[in-house]
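Let's take a walk through the inside of a protein. Keep the 3D view open and turn it as you read.

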Amino acid sequence: MDLWSNIALGFGVAFQPTNLLFAFIGALLGTLIGVLPGIGPTATMALLLPMTFGLPVEASVIMLAGIYYGAQYGGSTTAILLNLPGETSSVVTVLDGHQMARQGRAGSALAIAALGSLFAGSIATLFLAAFAAPMASVALSFQSPEYTSLILFGLLVSVVLASGSVLKSIAMVVLGVAIGVIGVDITTGQFRFTFGMIELADGIDFVPLAMGIFGIAEIVRNLENRGTLHATVEKISRLWPTGDDFHRSWPAVLRGTGLGSLLGVLPGGGATLSSFASYSLEKKVNADPSRFGKGAVEGVAGPESANNAAAQTSFIPLLTLGLPTNAVMALLVGAFIIQGVQPGPMMLQQQPNLFWGLIASMWIGNLMLVVINLPLIGVWVRLLSIRYDFLFPAILMFCAIGAYSLNNSAFDIFVMIGFGLVGYLFMKLGCEPAPLLLGFVLGPMLEENVRRAMLLSRGDPMIFLERPISLTILVALALTLAAMLLPALRRRRKEAFVEEEA
């Protein structure tokens, strides 16, 4: 079938009442967690994973995807109105978005953010639809050596793009890989890192680990900082931007869409990297960069378009190669596996309804988000008055039920609590947990592919250099590693993350 026939097939799936309902639930939840500071899409998706057990596979994946890109919309609301980014990707929106609100242009900033996100999300989804199928065809020629090289490259880039110390990020990846290989070795039958505990024979389950590291740790941190989550809401006058705002915004939206679409595909890339890169680009190409930080509409239009475009295209490596490029995609791998679906090049042939239904649902979800966000802006602002004291007991109870229902075992609850404490400790030590989750997901895949490659070559490691695609990826890996050691890049990376934390 050609592209348009496939898209028509996808819309047939996405327009089914159940899938429409869960696309709406995902968009609504994404907006909600984007608006409420301190609850990110990664934590929410981790907490909602147990809910997807009984759902049809299309509905569960469509809902989780909607949470991810919906959070990019919602995060801009608090960034503009409260000077408080709901999401990491909205941090740069604060700089000019809140200044616009203080100048009485809050409505314009919100509308530009929403319309820019809608345009970028729609174009990036078209990009995803156009390139996913050809990439899946290319990926069919990948064998174990290529996958090994690609996984190593993805892990390295995740280290480069993680905030904080490089050494800490490497340690998190290694720790994630070590946790991922806990259990019985399926090749030799040996117990690894089980410490005599029979409950660990099957390894640590993805759900309690993700719920603990992201969900429970986030709750503890919010309880610690709950006194700082209040701010003054700027008044909203008119929602429709002026002609001058439109004139200044559209080039920034186009640049943000292109940049975000490209960066979203990269391993370790995603919404946050794209929004920061777009803001830097807008400052460089603008004739008067001194306007930035004082209410420049381009500083809202570019980053908001870029983060939403990247949220869509980050699905490309997952759907075509089966490789997650960031923590949210790693959670989606968990959701696919829970449903018995293996993401990767064969998914297009074996699960075309799911593949194209997910893509089509992104267009529908982006339209829903504009309707949910702009007319209901007053409702979202009022939600900020809900005290966290009333929210967290219900969330904790839900987490415990979700972890227990996995295997009807209290052991999973203890695992979740244990990783919650570990996740909180990581926050205190300045260690980003995303590389750990990627290491946990990719570690077993890396081990499996290295073993297969060694079997194919009868123990000759040169197989990784003799195959052209594998060699190309390894050269890119070596160049990235060399670039990491350049003082200029190390200094720029440090400055970027200092800017992010500010």
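## The nonpolar cores

This is a predicted model, and its largest nonpolar core has 104 residues. Inside that core, Leu209 and Phe315 are the ones with the most contacts. Helix 4, which covers residues 57-82, gives the core its largest share, 14 residues. There's also a second core, separate from that one, with 19 residues. Its members include Leu150, Ile151, Leu156 and Val173.

Let's zoom in on one of the well-connected residues. Which residues does phenylalanine 315 touch, if you skip those up to four places away in sequence? They are Ala65, Tyr68, Leu128, Met329, Leu332, Leu358 and Met362.

## The largest cavity

Now for some empty space. The count comes to two cavities of 30 Å³ or more, and the largest has a volume of about 70 Å³. Its lining is made of Tyr73, Ser76, Thr77, Leu110, Ala113, Ala114, Ser117, Asn373, Leu374 and Ile377.

Where do these lining residues come from? Helix 4 and helix 6 (106-139) each supply at least two of them. Helix 6 has the largest share of the lining, with four residues. What about charge? The lining of the largest cavity has six nonpolar residues, four polar ones and no charged ones.

## The second largest pocket

Next up is an open space: the second largest pocket, with a volume of about 1300 Å³. It has 45 residues in its lining, and Ile337, Val441, Pro444, Met445 and Glu448 are the ones nearest its centre. Sorted by class, the lining of this pocket has 25 nonpolar, twelve polar and eight charged residues.

Several elements help build the wall. At least two lining residues each come from helix 7 (144-161), helix 8 (166-180), strand 1 (183-184), helix 9 (206-225), helix 14 (327-338) and helix 20 (434-456). Helix 20 provides the largest share of the lining, nine residues.

## Salt bridges across the chain

Time to look at charged partners. Side chains of opposite charge can pair when their charged atoms come close. The structure holds eleven salt bridges, and three of them are worth finding in your viewer.

Start with arginine 105 and aspartate 245, whose side chains meet in a salt bridge at 3.3 Å from N to O. Arginine 105 sits in the loop between helix 5 (91-102) and helix 6, while aspartate 245 belongs to helix 10 (residues 243-265), so the pair ties together parts that are 140 residues apart in sequence. Are these two buried or partly exposed? Arginine 105 is partly exposed, because its relative accessibility is 23% and the partly exposed range runs between 20% and 50%. Aspartate 245 has a relative accessible area of just 4%, so it counts as buried under the 20% cut-off.

Now try arginine 255 and glutamate 282, where the salt bridge is 2.9 Å from N to O. Arginine 255 is in helix 10 and glutamate 282 is in helix 11 (residues 271-285), and the pair links parts of the chain 27 residues apart. Arginine 255 is partly exposed at 30% relative accessibility, whereas glutamate 282 is buried at 0%.

## A network at helix 20

The third pair brings us back to helix 20. Arginine 451 forms a salt bridge with aspartate 185, and their closest N and O atoms are 2.7 Å apart. How many residues apart are these partners along the chain? The answer is 266, with arginine 451 in helix 20 and aspartate 185 in the loop between strand 1 and strand 2 (191-192). Arginine 451 is partly exposed, with a relative accessible area of 29%, but aspartate 185 is buried, with 5%.

This pair isn't on its own, either. Asp185, Arg192, Glu447 and Arg451 are linked in a network of salt bridges.

## One glycine in helix 7

Finish with glycine 154, which lies in helix 7. What is its relative accessible area? The value is 13%, so glycine 154 is buried. Now look for leucine 323: it is 169 residues away from glycine 154 along the chain, but the C-alpha atoms of the two are separated by 8.4 Å.

Methods
Residues numbered from 1 in each chain as written. Predicted model: local features only at pLDDT ≥ 70, side-chain atom pairs only at ≥ 80, totals over all residues. Heavy atoms only, no water. 1 Å grid on protein atoms, 1.4 Å probe; cavity = no way out; pocket = protein on both sides within 12 Å on 5 of 7 lines; lining within 4 Å. Points joined across faces, edges and corners; volume = space filled by probe spheres on them. Nonpolar A, V, L, I, M, F, W, Y, C, P; charged D, E, K, R; others polar. Core = buried A, V, L, I, M, F, W, Y, C linked by side-chain atoms within 4.5 Å. Buried < 20%, exposed > 50% of the residue type's maximum accessible area, 1.4 Å probe, protein only. Contact = heavy atoms within 4.5 Å. Salt bridge = Lys/Arg side-chain N within 4 Å of Asp/Glu carboxyl O.
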